[in-house]
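Visitor: I should like to learn how to read the packing of a structure, moving from a helix to a ligand site and then to a core. May we begin?

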Amino acid sequence: MTVSGWHCRVCAASVDIATPLSWRCPAAGDDRHHVLALVDDDAVAPMVHDHNPFVAFRERLAWDAFAAAHGMSAAAREAMVREADAQVAQVAGTGFVFTPFARADALSDALGFSAAGGVWVKDETHNVAGSHKARHLFTILLHLLTVERVGLAPWTAAGQRPALAIASCGNAALAASTLAASVEWPIRVFVPVAANPVVVAELHRLGATVVECPRLCADPPGDPCVHRFREAVAAGAVPFSVQGPENAWCLDGGRTIGWEMVAQAPAFDRVFVQVGGGAFAACVAAGLAARGNATRLHAVQTEACAPLQRAWQGSAALGGEAAADPAQQWAELMWPWEHVGASAADGILDDETYDWLPVLEAMRAGGGSPVVVGEADVLQANEVGCRATAIDASHTGTAGLAGLIAMRSEVGKHERVAAIFSGIRR
Ligand SMILES: Cc1ncc(COP(=O)(O)O)c(C=O)c1O
Ligand SMILES: [Zn+2]
């Protein structure tokens, strides 16, 4: 799997892998209805045995192809991962390691599975910054460090790094601020007025500049944090984002989770993934594709906010050629959920599924479907899931399991099912 570049899913623009700072489709301008996807050959580079997934799967990463294109040797590329990882470990208390993925026996029993089937849970709660989010951001960081190393950083002459920027007040903000602190890179985190004070305090401790974003009279509709984030990026900040349309390089490192799952367990029949902006499910699916499209992907959203299911149904209703190419119907199929409700799974209440296209296509390819769960399922999943596994995950982190609970009667007891608990309870 050697990555040769990117292509825009919408306008087919292509970007060579050697292009530095290639965050967005070159034709996108202010239009967020473009997104770059990786172009690679179908040969899957073998895994190297190492506890660090960014070393084990290095040759599959776009970041690695970028660094190679600029003349960095394989040894120098591996050394860069290890050095950056050691710096991350100094701040986070852990570097990147394969996270546990095993059959959850008590949970499988509680949900009525047979010994042949069951629920496999991947535990991301002890990953860097307590969730999977840092996986997405680490390849953006490696890209930035490489740009500096090979002398392509436009900011070097001015002697000052541009700030990183992210709009989040949850796990993504914590991951971003942890990685930024590890290399002493300035970061601005755009948070809502009602942000969780525990998270905000941790962001301050990590040295982030936290920018509270009240809605301004002149603001267009949409999240004011996102408006301020985009203004910062327009003024020169680096989009350190976990949304593909803002920075496609987040879709590179996120795949490590799927590759790990393939390496750690025999094939399973279904995977339930909690979906907010969609980058997570897109990357899980892309990683699992290393095994072919044998797994049914179920994207899980709550009744409080379910734009992906609306797009899924809308696309099917179009029929014919239009249904076959949803990228050309972005505006008709995916738009912000009008009245976002409340849920204990508050990390997946993104009003838009920004990375909906690859998630929709992966569900189709494997015969999966979206699942929309009620709040009772969200609460039950967290209660049963955490008790049966002794993993202390948040409600957002166990929301994938809520999808299984909601669909339990349609899942055979001999089936092998996977879920990912991510996001430690705070
Ligand atoms: C623990 C956890 N799981 C899943 C998600 C959803 O990821 P995405 O927004 O990429 O769909 C999030 C996002 O905040 C999260 O914090
Ligand atoms: Zn484009």
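Visitor: Which are the buried residues of helix H8?

Guide: This is a predicted model. In H8, which spans residues 224-234, the buried residues are Cys-225, Val-226, Arg-228, Phe-229, Arg-230, Ala-232 and Val-233.

Visitor: What covers the buried residues of H8?

Guide: The cover includes four strands: S6 (164-167), S7 (187-191), S8 (209-212) and S9 (238-239). After H8 comes Gly-236, with a positive phi near 120 degrees.

Visitor: Let us turn to the ligand. Which residues come nearest to ligand 1?

Guide: Among the 20 residues around ligand 1, the nearest are Asn-171, Gly-276, Gly-277, Phe-280 and Gly-423. Helices H6 (171-182) and H11 (279-288) each contribute at least two residues to this shell, and H11 has the largest share, with three. By character, the shell comprises twelve polar residues, seven nonpolar and one charged. Domain 1 (3-92 + 133-250) and domain 2 (101-131 + 254-421) each provide at least three of its residues.

Visitor: Why might one look for a nonpolar core?

Guide: Because nonpolar side chains tend to be buried together in soluble globular proteins. Here the largest nonpolar core has 134 residues, of which Leu-137, Ala-176, Val-273 and Val-359 touch the most other members. H11 gives the most to this core, nine residues, and at least three members come from each of domain 1 and domain 2.

Visitor: With which residues is Leu-137 in contact, leaving aside neighbours within four places in sequence?

Guide: With that exclusion, the contacts of Leu-137 are Ala-175, Ala-176, Leu-179, Phe-240, Val-242 and Cys-250.

Note on methods. Residues numbered from 1 in each chain as written. Chains lettered and ligands numbered in written order. Predicted model: local features only at pLDDT ≥ 70, side-chain atom pairs only at ≥ 80, totals over all residues. Buried ≥ 20, exposed ≤ 12 C-beta atoms within 10 Å, placed from the backbone. Contact = placed C-beta atoms within 7 Å. Near = placed C-beta within 6 Å. Nonpolar A, V, L, I, M, F, W, Y, C, P; charged D, E, K, R; others polar. Domains from an automatic or database assignment. Core = buried A, V, L, I, M, F, W, Y, C linked by C-beta atoms within 7 Å.
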